[in-house]
Amino acid sequence: MSAEIPWHAAYPPPRGAAPSISREELLQWIQEGKQAGKDFVLVDLRRTDYEGGTIQGSLNLPAQSLYPTIPTLYSLVSNSTVKYVIWYCGSSAGRGTRAAGWFADYLEDQQNGEIKSLILSGGIKGWVAAGPEYISLMDGYNVSVWTK
């Protein structure tokens, strides 16, 4: 029996690691009036584990189909006021770091130093675990998913 090849094996590994943003800093941005879609873009990379809710204003771009769409995402972001693209998955330890790295590589290839690719530390699990102040900023929150 052979080992299953991971989905990301079809794509090159990121050349480097993207920096991260803490959930506390993102919460502060939101409280200061920075807006998803205007000042930053939140990308939820989960596919089948998308249930349970997402941070308000997030796009759902599953990691498994993301790589070929990076040029299109870049085109949309670079023609907007957005300066940060913030990536997250369940814990932001796999899909989140990979996607943020790919986008950071693409930004570097485009010689774009204006836009930053960031990983949300702790992912959505960390966001939910941080308590009511964070959960109140979610769409579709379903407590039963988080208490399994």
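**Entry 1: the annotated span.** I began with residues 36-136, whose end C-alpha atoms lie 15 Å apart, and I noted that 35% of the span is helix and 19% is strand. I had picked this stretch since UniProt, in an unreviewed entry, lists residues 36-136 as "domain: Rhodanese". I keep in mind throughout that this is a predicted model.

**Entry 2: the nonpolar cores.** I next looked up the largest nonpolar core and found that it has 21 residues, with Leu45, Leu66, Val77, Val85, Trp87, Phe103 and Ile115 holding the most contacts inside it. Strand 2, helix 2 (70-78), strand 5 (84-88) and helix 3 (95-109) each supply at least two residues of this core, and helix 3 gives the most, with five residues. I then listed the contacts of Val85, leaving aside its neighbours within four places in sequence, and these are Val41, Val43, Val77, Phe103, Ile115, Lys116, Ser117 and Leu118. Apart from the largest core lies another, of 17 residues, including Ile86, Tyr88, Ile124 and Val128. As general background, I noted that nonpolar side chains tend to be buried together in soluble globular proteins.

**Entry 3: Asp44.** Is Asp44, a residue of strand 2, buried or exposed? I count Asp44 as buried because its relative accessibility is 0%, where the cut-off for buried is under 20%. Its side chain is joined to that of Tyr88 by a polar contact of 3.4 Å. Not counting residues up to four places away in sequence, I find that Asp44 touches Tyr50, Thr54, Ser58, Leu59, Asn60, Leu61, Pro62 and Tyr88.

**Entry 4: Arg95.** I then turned to a second charged side chain, that of Arg95, which is found in helix 3. Arg95 also counts as buried, because its relative accessibility is 17%. With residues up to four places away in sequence set aside, Arg95 touches Trp7, Leu45, Arg46, Arg47, Asp49, Ala63, Gln64, Cys89 and Gly90.

**Entry 5: aromatic rings.** How many aromatic pairs does the structure hold? I find nine of them, and one that I looked up in detail is the pair of Trp29 and Phe40, which is tilted, with 5.8 Å from centre to centre and 50° between the planes. This pair links distant parts of the chain, as Trp29 belongs to helix 1 (residues 23-31) and Phe40 to strand 2 (residues 40-44), eleven residues apart. Trp29 and Phe40 are both buried. I also noted that the charged end of Lys34 sits over the ring of Trp29, at 4.5 Å from its centre. Elsewhere in my list, one aromatic cluster is formed by Trp7, Tyr11, Tyr67 and Trp102.

**Entry 6: positive phi.** Before looking at backbone angles, I reminded myself that most residues other than glycine have a negative phi. Ser92 departs from this with a positive phi, near 65°, and its place is in the loop between strand 5 and helix 3. I count Ser92 as buried because its relative accessibility is 6%. Gln111 likewise has a positive phi, near 55°, and lies in the loop between helix 3 and strand 6 (116-120). Which side of the accessibility cut-offs does Gln111 fall on, buried or exposed? Gln111 counts as exposed, because its relative accessibility is 74%, so my two entries on positive phi pair a buried Ser92 with an exposed Gln111.

Definitions and conventions:
Residues are numbered from 1 along each chain as its sequence is written. This is a predicted model: local features need pLDDT of at least 70, side-chain atom pairs count only at pLDDT 80 or more; totals for chains, interfaces and linings use all residues. Side-chain values use heavy atoms; hydrogens and water are left out. Rings of Phe, Tyr and Trp (its six-membered ring) pair if their centres lie within 6.5 Å; planes under 30 degrees apart count as stacked, over 60 as edge-to-face and the rest as tilted. Helices (H or I, at least four residues) and strands (E, at least two) are DSSP runs, numbered from the N terminus. Buried means under 20% relative accessible area, exposed over 50%, partly exposed in between (1.4 Å probe, protein chains only). A charge sits over a ring if NZ of Lys or CZ of Arg is within 6 Å of the ring centre and within 35 degrees of the ring normal. A polar contact is a pair of N or O atoms within 3.5 Å; within protein, one must be able to donate a hydrogen and the other to accept it, and residues adjacent in sequence count only if both atoms are side-chain atoms. Contact means heavy atoms within 4.5 Å. A nonpolar core is a set of buried Ala, Val, Leu, Ile, Met, Phe, Trp, Tyr and Cys residues joined through side-chain atoms within 4.5 Å. UniProt positions are given in the numbering used here, feature names are shortened, and annotations may be inferred rather than shown by experiment.
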